[in-house]
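Biologist: Can you take me through this model? I'd like the basics before I use it.

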Amino acid sequence: MKKTTFEPDKLALTKKDILEFCDRVLEKWGKNPSKNASSILAMNVVKTSVVWTDDESLKAIWDEIISWTFELLYENALAQGKGNEANWSNVMKKIKNKK
């Protein structure tokens with residue numbers, strides 16, 4: 001039996017998966033286009049860059065984005081908890097339950 005290793009920082013999604021994610025976000029934001037105009041523009045730029053990027057470069061870029069996201073989530077949670085220890089457990093519960 002071949003043993004596989006789980007690497008959460010490695011991109012397993014396809015270009016199509018990423019584009020579908022972008023479309024779901026655009027659909028959500030499109031429900032209130034005046035409020036989300038700059039975000040819609042930015043997401044369309046992201047989507048266009050995904051379309052034009054070769055698969056190898058896309059994998060390298062998104063591996064870094066995924067890695068940075070975990071780090072940013074952690075740093076953001078720490079920042080929210082500073083000076084407010086009573087709410088620190090609530091921050092950790094939200095992170096754990098976020099799905």
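The chat below covers confidence, helices and the largest pocket.

Modeller: This is a predicted model, in which local features need pLDDT of at least 70, side-chain atom pairs count only at pLDDT 80 or more, and totals for chains, interfaces and linings use all residues. Residues are numbered from 1 along each chain as its sequence is written, and side-chain values use heavy atoms, with hydrogens and water left out.

Biologist: What pLDDT does the protein chain average?

Modeller: The average is 84, and 78% of the residues score at least 70. pLDDT is the predictor's confidence in each residue, from 0 to 100.

Biologist: And where is confidence lowest, and where highest?

Modeller: Helix α4 (residues 85-97) is lowest, at a mean of 66, while α2 is highest, at 97.

Biologist: How many helices and strands are there?

Modeller: Four helices and zero strands, in the order α-α-α-α along the sequence. Helices (H or I, at least four residues) and strands (E, at least two) are DSSP runs, numbered from the N terminus.

Biologist: Now α1. Which residues are buried there?

Modeller: I18, L19, C22, V25 and L26 are buried in α1. They cover an arc of only 120° around the axis, so they sit on the same side of α1. The arc is that of the directions from the helix axis to the C-beta atoms. Buried means under 20% relative accessible area, exposed over 50%, and partly exposed in between (1.4 Å probe, protein chains only).

Biologist: Which exposed residues are on the face turned away?

Modeller: K16, R24, E27 and K28.

Biologist: What span should α1 have?

Modeller: Its 16 residues should span 22 Å at 1.5 Å a residue, and the end C-alpha atoms are 22 Å apart, which agrees. The expected span is 1.5 Å times one less than the number of residues.

Biologist: Which residues are buried in α2?

Modeller: In α2, I40, M43 and V50 are buried. Their arc is only 80° around the axis, which puts them on the same side of α2. S38, L41, V45 and W52 are exposed on the other side.

Biologist: Different topic: how much space lies in the largest pocket?

Modeller: About 380 Å³. On a 1 Å grid over the protein atoms alone, a pocket is an open set of points where a 1.4 Å probe fits, with protein on both sides within 12 Å along at least five of seven lines; lining residues have an atom within 4 Å of a point. Grid points are joined across faces, edges and corners, and a volume is the space filled by probe spheres set on the points.

Biologist: Which residues lie nearest its centre?

Modeller: L13, F21, W62, I66 and T69, out of 14 lining residues. Of the helices, α3 gives the most to the lining, with six residues.
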